[in-house]
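Biologist: Can you walk me through how the ligand sites were classified? I'd like the reasoning behind each label.

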Amino acid sequence: MDETGKGKGETGKVIPARYQPPLPLDRLLLPVGAPGAGDHMELDVLIVGAGPAGLACAIELAHLARREHGDVNIGVLEKAEALGEHCLSGAVVNPRAFRELFPDLKDADFPFRGPVTKERVAFLTSRRAFTLPTPPTMHNAGNYVASLCEIVRWLGERAAALGVNVFTGFPAASLLVDGRRVAGVRTAATGLDREGRPLSNYMAPNDLTAKVTALAEGTRGSLSQAWLEWQAVTSENPQIYALGVKEIWETKRPLDTIVHTLGWPVPTDAFGGSFMYPLEPNLVALGLVVGLDYRNAALDVHDLLQQMTLHPLFRQYLEGGEMVEWGAKTIPEGGYYAVPARRSGDGVVILGDSAGFVDVPSLKGIHYAIQSGILAARAIHAGLKAGDASAAPLAEYDRSVNASFIMKDLFRTRNMRLAFKDGFYAGGVKAALMTLTGGRFPGGKIPMEPDGEVERTLTPGASPGITPDGRLTFSKVDGVFKSGNATRDTIPVHLVIGKDVPVAVAEFYARMCPAGVYEVAQGALRVNAPNCVDCKATDVLGPRWTPREGGSGPKYKRM
Ligand SMILES: Cc1cc2nc3c(=O)[nH]c(=O)nc-3n(C[C@H](O)[C@H](O)[C@H](O)COP(=O)(O)OP(=O)(O)OC[C@H]3O[C@@H](n4cnc5c(N)ncnc54)[C@H](O)[C@@H]3O)c2cc1C
Ligand code: SF4
C-alpha cells in the first residue's frame, strides 16, 4: 500500500521525498543588482548567522585586524530579534575553542554555568533505569554545562566591543551572486500581509554586499544548501539530521549530575536518546533527540518527550516543578562522510552546523562551530590582506579545517551514528566495536540515504500520544507558547508546500513538526505557519522552510 492507500486505520507507506518540493533556488539565488531592494550597504566581510560559528568568525577577524592596526568592516546578520533567541543546544560544552579564541581569558571568565562534576549514562525501559558504563565518547570531565543563548549573548557583546556591526532581526533571504562569485545577500522584506501585499509598515529588503560572505546559518542552512547545490558540491554521504525537543524546568529537587539515556521511549528501529543537565541545581535542561530516519511515520518527538517526563528517572526531579521554556531544533548527524567536499568558493565560506561539523556520539557541535569560525577568519584575513577574496585564498579554510581537530574527531567516530541505521541493538554492538578499534571497525563507509528517502510505515498508535496535564506534560500549543514565539498572525506562509499532499503524508507532517504547524482538517493539510520555531525538520522531511520576516519565531532565553 502507498501513501494514498491508507484506510480504516491500517498501515500506509510514506516516502517523504516524493512530496517534497525542490529547494527554491529562484528565491535563494539572485543576481547582484536584481531589482526590488531598498537600501544597499557595502562591507568587507558579511557573516550570516550570529551563532557560535558566525560570532567566533567575527571576533577572530576583528582580533586579527586590531593586531595589525588594519580596518575591516564586518557585519553579522541574525534573523532573531535579539541575540541568542533562535539558538538552542544541550549544552555540555568543550572549552577548547573558547581558549583559542580568547587566549587571555580563563575558563572561569567564559559564560558557562559550571563544570561537569558527575555524569551518568542509563538504559531506560518504560519503568526502570539501568546505569551503564560511560562510553569514552560520552565522557565529559573537563567540560562545562551552559546555555547556548547565554553563550551567544556573551559572544555578541565581545564582537560589538571590537567594532563588529551585529544586525539582529535581519534574515538573509537570498544569496547575491555575480557569475560564480558570491557577492553578498538580500534580506527578507518586512510588513507583508498573508498574500504578500505590502502593509503600511512595509520595508523593502536590503542588499548587503561584501568581499567575503560567511554562511553560519546553523543546521540546514537555506543559503548554504543553495550554494552547495548551485556549485554542485557533493559529500560522500548525504547529510542526515535528528530532531531535538527540549524543555527547561525549575525543579523542586536539585540535580547535580549530567544524565544521558538510551533506549525507551525511542523505538528500537530509530536512533536517539535523551539528556538532562543541571544549569543550576534547581534549573534543569531536559531534551530528547531522535534521528529523522525513523521508520514509523506516526512517531512524534514532542509526544515522546512528554511520555519521558513521566518516567521515574525524570519525574523525581520534575514533579512539583515548572516547565519554563520549550524549544526544538535539528542537528546535522551525518558526521565525517556528510561534510561537503568543499566549504569555500569564490567570495564564500560555510561554517559550523551549516557545514555539518557535529560529532554525534559525544553530542558536540559548539566548539567545532567556534573553531570553524576561527579558521575561516584566518583564511579570510589572509585573503583580504593579499587583496584577493577569490576561491584560491579561501581554500585555505578547507585545508585548515581538514588538518584540525574538527575533522580528526569526526573521522574517529565516522561510522558510529551510521551503524544505527539497522536499529538500536545491531548499531549498539557495532558502535562498541568501533570504540574499541578507534573507529577502524568495520572499515570503509556505511552508505546512507537522505532522510527523506527512507520509507516509513504509518502505524497508528505507535506514538501513543498523551493527554497533557499542564503540570508534567504539555501540548504542542503549550510548547510554542513557552518558546516565546510571538510571530505576527498575518505573516505570509514561509513554508513551500508540495502539491497534492495525501492525507497519510499530511498526518506524518503533523506528527513530525514539534510546533503543531501542520494539522489534518477535513481530510486536508492545514498549515499554521506562525507557530513555526525554525527547527528545520520540515525542510528535511516535508515542506521547505524559507527565511521570513525578521524577528519572527521563538524568543529563547536560556536554551
Ligand atoms: C538538542 C540539541 C542538543 C545539543 N547539545 C549539544 C551539546 O550539549 N554540546 C555541544 O557542543 N553541541 C550541542 N548541540 C549542537 C550545537 O548546538 C550546534 O552544533 C551549534 O549550535 C552550531 O553552531 P552554529 O553557529 O553553526 O549554528 P547555530 O547555533 O544554530 O546558530 C546559527 C544562527 O544563525 C541564524 N540564522 C540562520 N539562518 C539565518 C539567515 N538566513 N539569516 C540570518 N540569520 C540566520 C540563526 O537564527 C542562529 O542564531 C546540540 C544541538 C541540539 C539541537
Ligand atoms: S514547520 Fe518545520 S521548521 Fe517550523 S517548527 Fe515545524 S518542523 Fe520545525
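Modeller: Sure. In this predicted model, the shell around ligand 1 has 19 nonpolar, nine polar and six charged residues.

Biologist: What makes Val92 and Ala172, for instance, part of the shell around ligand 1?

Modeller: A residue counts if one of its heavy atoms lies within 4 Å of the molecule. That picks out 34 residues around ligand 1, and Val92 and Ala172 are among the closest, along with Glu78, Ser89 and Asp353.

Biologist: Which elements supply them?

Modeller: Helices H2, H8 and H9 and strands E4 and E20 each supply at least two residues of that shell. E20 gives the most, with three residues.

Biologist: Why is the pair between Val92 and ligand 1 called a polar contact?

Modeller: The cut-off for a pair of N or O atoms is 3.5 Å. A backbone N or O atom of Val92 lies 2.8 Å from a nitrogen atom of ligand 1, so the pair qualifies. Gly90 also has a backbone N or O atom 3.0 Å from a ligand 1 nitrogen, and for Ala216 the partner is an oxygen atom, 3.5 Å away. As for cover, the protein buries 99% of the 990 Å² that ligand 1 exposes when taken alone.

Biologist: What makes the space taken by ligand 1 a cavity?

Modeller: A cavity is space where a 1.4 Å probe fits but cannot get out, judged on the protein atoms alone. The space taken by ligand 1 is the largest cavity, and ligand 2 takes the second largest.

Biologist: How is the shell around ligand 2 made up by class?

Modeller: That one has 10 nonpolar, one polar and one charged residues. Trp545 and Lys536 are among them.

Technical notes. Residues numbered from 1 in each chain as written. Chains lettered and ligands numbered in written order. Predicted model: local features only at pLDDT ≥ 70, side-chain atom pairs only at ≥ 80, totals over all residues. Heavy atoms only, no water. Polar contact = N/O pair within 3.5 Å; in protein donor to acceptor, adjacent residues only side chain to side chain. Areas by Shrake-Rupley, 256 points an atom, 1.4 Å probe, with all protein chains shown as cover. 1 Å grid on protein atoms, 1.4 Å probe; cavity = no way out; pocket = protein on both sides within 12 Å on 5 of 7 lines; lining within 4 Å. Sits in = over half its atoms within 2 Å of the grid points. Helix = DSSP H or I, 4+ residues; strand = E, 2+ residues; numbered from the N terminus. Nonpolar A, V, L, I, M, F, W, Y, C, P; charged D, E, K, R; others polar.
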